[in-house]
Amino acid sequence: MTVSIHKKLQNEKIEFTLLLEAIYHKYGYDFRHYSVAHIRRRIQRRLTLDGIESISALQHRLLNDETFFFQTVFHDLSINVTEMFRDPSFYLAVRQKVVPILATYPFIKVWHAGCATGEEIYSMAILLKEEGLFDRLQLYGTDFNDLVLEKAKEGIVSIRSVKEYTSNYQLGGGTQSFSDYYTARYSHALLEPELKEKILFANHNLVADQVFGEMQMIVCRNVLIYFDQELQNRVIDLFYHSLCRGGILCLGAKESLRLSEQENKFNRLLPGEQIYQKGYGTD
Ligand SMILES: C[S@@+](CC[C@H](N)C(=O)[O-])C[C@H]1O[C@@H](n2cnc3c(N)ncnc32)[C@H](O)[C@@H]1O
């Protein structure tokens with residue numbers, strides 16, 4: 001009995017490996033260093049939802065149906081959940097501890113890597129506007145999923161989310177009324193167009209693409225959590241080389257530089273938040 005369970009798990013592992021290889025060779029997207037638990041959860045869910053009997057059967061379908069890959073499985077694996085002022089204590093910490101550092105620069109470039117549908121980067125635009133840094137600001141929002149980037153460019157959020165976003169905004173230290181930043185239109189809220197003027201959206205794949213300019217701050221929250229340690233190290237190295245000396249790196253609440261190869265090249269700015277500063281003495 002135990003032997004057969006062991007064999008089943010072994011076969012399943014081989015099937016997952018082959019599936020990710022097939023995706024990589026057919027479509028060029030490399031999920032081979034995403035966390036095994038994440039891939040397993042998402043693939044199992046897809047098998048159940050579509051009544052597909054095995055991972056091998058899914059692989060066969062993926063290889064023969066591009067639309068199925070791009071419109072379904074790619075989305076399953078990328079997970080685009082986001083919200084405005086998500087984890088408000090993070091935004092409070094940015095106001096209190098990071099803004100004084102950013103204010104020392106004549107021009108401020110901020111890169112949101114894995115920005116999904118843009119709620120996070122619009123939140124940062126609001127915060128930096130309220131803190132008086134808007135005139136010298138350029139924000140870059142990147143993701144490897146073109147569909148979410150198209151949505152992000154629209155600057156529209158669901159009206160149903162506005163109550164929660166208002167509460168997040170206030171808890172995150174917002175100094176105005178959140179309603180100053182949107183116009184309600186039936187089922188959606190159109191974010192203030194002025195915010196969009198400060199943001200450039202672009203496709204960038206953290207697994208395959210290169211350094212992204214010399215940034216004063218990089219925000220990459222709730223993305224590394226889906227990567228294995230090897231890929232996390234590679235991506236943190238990419239961030240390290242994309243930041244100016246003294247630049248700021250912000251990760252998600254469940255992410256950390258602990259265990260990463262670059263841990264001692266950064267200083268943690270404050271306990272309780274995953275906000276780090278690149279050392280001044282490094283390249
Ligand atoms: C859970 S969302 C996080 C959104 C936002 N940062 C937040 O915390 O609310 C993760 C995002 O990372 C993106 N992503 C995953 N792998 C990526 C990669 N290799 N390169 C760029 N973006 C990636 C996904 O498409 C998704 O939009």
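Select Asp50 first: this residue is partly exposed, because it has 13 other C-beta atoms within 10 Å. You will find Asp50 in helix α2, which covers residues 36-50. Now add His6 to the selection and draw a distance between the two C-alpha atoms. Asp50 and His6 are 44 residues apart along the chain, and their C-alpha atoms are separated by 27 Å. Keep in mind on this tour that you are looking at a predicted model.

**The two domains**

Next, colour the protein chain by its domain assignment: domain 1 takes 2-78 and domain 2 takes 88-278. Their centres, taken over C-alpha atoms, are separated by 30 Å. Where the domains meet, the contact takes six residues from domain 1 and eight residues from domain 2. Which kinds of residue make up the side of domain 1 that touches domain 2? That side divides into one nonpolar, four polar and one charged.

**The loop between α4 and α5**

Move on to the loop between α4 (66-78) and α5 (88-102), and pick Phe85 there. Phe85 has a phi near 50°, a positive value in a residue other than glycine. As general background, most residues other than glycine have a negative phi. Is Phe85 buried or exposed? Phe85 counts as buried, because it has 27 C-beta neighbours inside 10 Å.

In this loop between α4 and α5, select Asp87 as well. Its phi is near 55°, again a positive value in a residue other than glycine. Asp87 is partly exposed, because 19 other C-beta atoms lie within 10 Å.

**Around the ligand**

Now centre the view on the ligand. How many residues surround the ligand? There are 21, and the closest are Ser78, Thr82, Gly114, Ala116 and Asn222. Colour this shell by residue class and you get nine nonpolar, eight polar and four charged residues.

From there, go to Val223, in the loop between β7 (215-220) and α10 (229-242). Val223 counts as buried, because it has 22 C-beta neighbours inside 10 Å. Leaving aside residues up to four places away in sequence, Val223 touches Ala113 and Gly114. Gly114 is also among the closest residues to the ligand. For another distance, try Leu206: Val223 and Leu206 are 17 residues apart in sequence and 9.7 Å apart in space, C-alpha to C-alpha.

**Two nonpolar cores**

Hide the ligand and turn to the protein interior. The largest nonpolar core has 61 residues, of which Ala125, Ile218, Phe239 and Leu249 touch the most other members. Helix α6 (residues 119-130) gives the largest share of this core, with seven residues. Show Phe239 as sticks: not counting residues up to four places away in sequence, Phe239 touches Ile218, Cys220 and Leu249.

There is a second, separate core of 11 residues to select, including Ile23, Tyr29, Ile43 and Phe69. In soluble globular proteins, nonpolar side chains tend to be buried together.

**Past the end of α6**

Follow the chain to Gly132, in the loop between α6 and β2. Gly132 counts as exposed, because it has 10 C-beta neighbours inside 10 Å. Add Ala103 to the selection: Gly132 and Ala103 are 29 residues apart along the chain, with their C-alpha atoms separated by 8.7 Å.

**Helix α7**

Look along the axis of helix α7 (residues 146-154) and highlight its buried residues, Val148, Leu149 and Ala152. These residues lie on the same side of α7, because they cover an arc of only 100° around the axis. An α-helix has 3.6 residues a turn, so residues three or four places apart point the same way. What covers the buried residues of α7? The cover includes β2 (137-143) and β6 (199-203). Rotate to the face turned away from the buried side, and you will see the exposed residues Asp146 and Glu150. Gly155 follows α7 and has a positive phi, near 65°.

**Helix α8**

For the last stop, take helix α8 (residues 162-171), where the buried residues are Tyr165, Asn168 and Tyr169. Here too the buried residues sit on the same side of α8, because they cover an arc of only 100° around the axis. Display α5 alongside, since what covers the buried residues of α8 includes α5. Finish at Gly173, just after α8, where phi is positive at about 90°.

Technical notes. Residues are numbered from 1 along each chain as its sequence is written. This is a predicted model: local features need pLDDT of at least 70, side-chain atom pairs count only at pLDDT 80 or more; totals for chains, interfaces and linings use all residues. A residue is near a molecule or strand if its C-beta atom, placed from the backbone, lies within 6 Å of it. Ala, Val, Leu, Ile, Met, Phe, Trp, Tyr, Cys and Pro count as nonpolar, Asp, Glu, Lys and Arg as charged, and the others, Gly among them, as polar. Domain bounds come from an automatic or database domain assignment. Two residues are in contact if their C-beta atoms, placed from the backbone, lie within 7 Å. A residue is buried if 20 or more other C-beta atoms lie within 10 Å of its own, exposed if 12 or fewer, and partly exposed in between; C-beta atoms are placed from the backbone. Helices (H or I, at least four residues) and strands (E, at least two) are DSSP runs, numbered from the N terminus. The arc is that of the directions from the helix axis to the C-beta atoms. A nonpolar core is a set of buried Ala, Val, Leu, Ile, Met, Phe, Trp, Tyr and Cys residues joined through C-beta atoms within 7 Å.
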